[in-house]
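This briefing covers two topics: backbone angles that stand out, and the burial pattern of one helix.

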Amino acid sequence: MSYEKTYIMLKPDAIKRRLMGEIISRIEKKGYHITQAKIMTLDETIIAEHYSHLLDHPFFPKLSAFMTSGPVFAMVVEGENAINGMRQMIGATNVFEAAPGTIRGDYTNNVTENVIHGSDSPENAAIEIARFFG
Ligand code: DAT
Ligand code: MG
């Protein structure tokens, strides 16, 4: 176990659906610290970087259109085991398998509009924090 920083992003659907407060509250109640935060609108270039592992998939254009469709809420979240702990709270990528009690399990039934992003490894957390917070 180690004290970690992870990159968390509430996606455009979360902002449009006014879920920011509820999700931020969950993160705080778990005991994590939100140490940086900002609302921003992303363009196709930064989405192509952020989701470079998905560029060749047929769903990428839909994913990019969604992620640029409105503002996101970007955060640095810190705490013991924050990277894996946040992934546990977020739930499975396949929303139909995301367990009840997880954020995706409780708030979405849509494979693209899945409410929240969280870094999946220490390496990607460092890259993503640098990408979005400089
Ligand atoms: P995660 O967001 O759980 O880290 P990922 O990095 O594999 O998952 O994919 C990024 C986003 O791309 C995901 O949140 C939703 C979308 N996505 C992934 N797989 C998909 C699929 N099979 N069909 C449609 N969208 C998909
Ligand atoms: Mg991912």
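The model is predicted. N81 is partly exposed, because its relative accessibility is 26% and the partly exposed class lies between the cut-offs of 20% and 50%. N81 is also not a glycine, yet has a positive phi of about 60°. V115, likewise a residue other than glycine, has a positive phi near 75°.

**Positive phi outside glycine**

- N81 sits in the loop that links β3 (72-80) to α5 (82-90).
- V115 is found in the loop between α6 (103-107) and β4 (116-118).
- V115 has a relative accessibility of 0%, so this residue counts as buried, while N81, at 26%, counts as partly exposed.

**Two sides of helix α4**

- Helix α4 spans residues 60-67, and its buried residues are F60, L63, S64, F66 and M67.
- These buried residues lie on the same side of α4, because the arc they cover around the axis is only 160°.
- P61 and K62 are exposed and belong to the other side of the helix.

**Packing of the buried side**

- Which elements do the buried residues of α4 pack against?
- The partners of these residues include two helices, α1 (12-16) and α3 (44-50).
- The strands β1 (3-10) and β3 are also packed against by the buried residues of α4.
- β3 appears in both topics: the buried residues of α4 pack against this strand, and the loop that holds N81 lies between β3 and α5.

Note on methods:
Residues are numbered from 1 along each chain as its sequence is written. Chains are lettered from A and ligands numbered from 1 in the order in which they are written. This is a predicted model: local features need pLDDT of at least 70, side-chain atom pairs count only at pLDDT 80 or more; totals for chains, interfaces and linings use all residues. Side-chain values use heavy atoms; hydrogens and water are left out. Helices (H or I, at least four residues) and strands (E, at least two) are DSSP runs, numbered from the N terminus. Buried means under 20% relative accessible area, exposed over 50%, partly exposed in between (1.4 Å probe, protein chains only). The arc is that of the directions from the helix axis to the C-beta atoms. Contact means heavy atoms within 4.5 Å.
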